[in-house]
Amino acid sequence: SIGSIPLKLVIVAVFCELAQQIHCDYRYIGLLMIFFFEYYREIPLLRDFTQLLCNIKFSSHIQNAGIFALIPIHLYNGKRGPSIKYFFYIIYPGHLMILYFIARWKGVY
């Protein structure tokens, strides 16, 4: 733990201001989302509500779709699922190869 709640709030505020000044992706909202996600980790309804508010505040069409990610996060039971890492060793390069061939077919390359 970093320390007291007021100290945490000061640290978050400083980094939110820094994110605004250097024009980080998502600006201060992205940092607040991370902070609330961790701070309310044990209170799922409050965690999801703060994430929803941050998504609404950012109000980008792509970011608003991120609201739907809260559904599986909320339903997560804390147990590890089946290991399917080898599936992704095939799917990831496979889909890139498919996209490459589509681009070749369409004359992009």
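Reader: Taking a salt bridge as a side-chain nitrogen of Lys or Arg within 4 Å of a carboxyl oxygen of Asp or Glu, how many salt bridges does a search of the whole structure find?

Author: Three. Before the details: this is a predicted model, where local features need pLDDT of at least 70, side-chain atom pairs count only at pLDDT 80 or more, and totals for chains, interfaces and linings use all residues. Residues are numbered from 1 along each chain as its sequence is written, and side-chain values use heavy atoms, with hydrogens and water left out.

Reader: Which residue does Arg47 meet in a salt bridge?

Author: Asp48, with N and O 3.0 Å apart. Both Arg47 and Asp48 are buried, buried being under 20% relative accessible area, exposed over 50% and partly exposed in between, using a 1.4 Å probe on protein chains only.

Reader: Why does Arg47 count as buried?

Author: Because its relative accessibility is 7%, which falls under the 20% cut-off.

Reader: Where does Arg47 lie?

Author: In helix 3, residues 44-58. Helices (H or I, at least four residues) and strands (E, at least two) are DSSP runs, numbered from the N terminus.

Reader: And what does Arg47 touch, not counting residues up to four places away in sequence?

Author: Phe36, Phe37, Tyr40, Arg41, Ile73 and His74. A contact needs heavy atoms within 4.5 Å.

Reader: Which ring face does Arg47 lie over?

Author: That of Phe37, at 5.5 Å from the ring centre. The rule asks for NZ of Lys or CZ of Arg within 6 Å of the ring centre and within 35 degrees of the ring normal.

Reader: Back to charges. What does Arg41 form a salt bridge with, at 3.8 Å between the closest N and O atoms?

Author: With Glu42. Arg41 also meets Glu38 in a salt bridge, at 3.2 Å from N to O. Through shared partners, Glu38, Arg41 and Glu42 are joined into one network.

Reader: Is Glu42 buried or exposed?

Author: Exposed, because its relative accessibility is 66%. Its partner Arg41 is partly exposed at 49%, and Glu38 is partly exposed at 45%.

Reader: Aromatics next. How many aromatic pairs are there by the rule?

Author: The count comes to seven. One of them is Tyr39 with Tyr40, edge-to-face, with the centres 5.1 Å apart and 80 degrees between the planes. The rule takes rings of Phe, Tyr and Trp (its six-membered ring) with centres within 6.5 Å; planes under 30 degrees apart count as stacked, over 60 as edge-to-face and the rest as tilted.

Reader: Is Tyr40 buried or exposed?

Author: Buried, at a relative accessible area of 18%. Tyr39 is partly exposed, at 36%. The two tyrosines belong to one aromatic cluster with Phe35 and Phe36.

Reader: What does Thr50 touch, not counting residues up to four places away in sequence?

Author: Phe36 and Tyr40. Thr50 is in helix 3 and is buried, with a relative accessible area of 9%.

Reader: How many Å separate the C-alpha atoms of Thr50 and Ala103?

Author: 41 Å, for two residues 53 places apart along the chain.

Reader: Cysteines. How many disulfides does a search of the whole structure find?

Author: Zero. A disulfide here is a pair of cysteine sulfur atoms within 2.5 Å. For Cys16, the nearest cysteine sulfur is that of Cys54, 9.1 Å away. For Cys24, the nearest is that of Cys16, at 10 Å.

Reader: Is Cys16 buried or exposed?

Author: Buried, at 9% relative accessible area. Cys24 is partly exposed, at 30%.

Reader: What about Ala13, where is its place?

Author: In helix 1, residues 5-21. Ala13 is partly exposed, with a relative accessible area of 46%. From Ala13 to Leu32 the C-alpha distance is 9.1 Å, and the two are 19 residues apart in sequence.

Reader: Last one. What should the 22 residues of helix 6 span at 1.5 Å a residue?

Author: The expected span of helix 6 (residues 85-106) is 32 Å, and its end C-alpha atoms are 32 Å apart, which agrees. The expected value is 1.5 Å times one less than the number of residues.

Reader: And which residue follows helix 6?

Author: Gly107, with a positive phi near 85 degrees.
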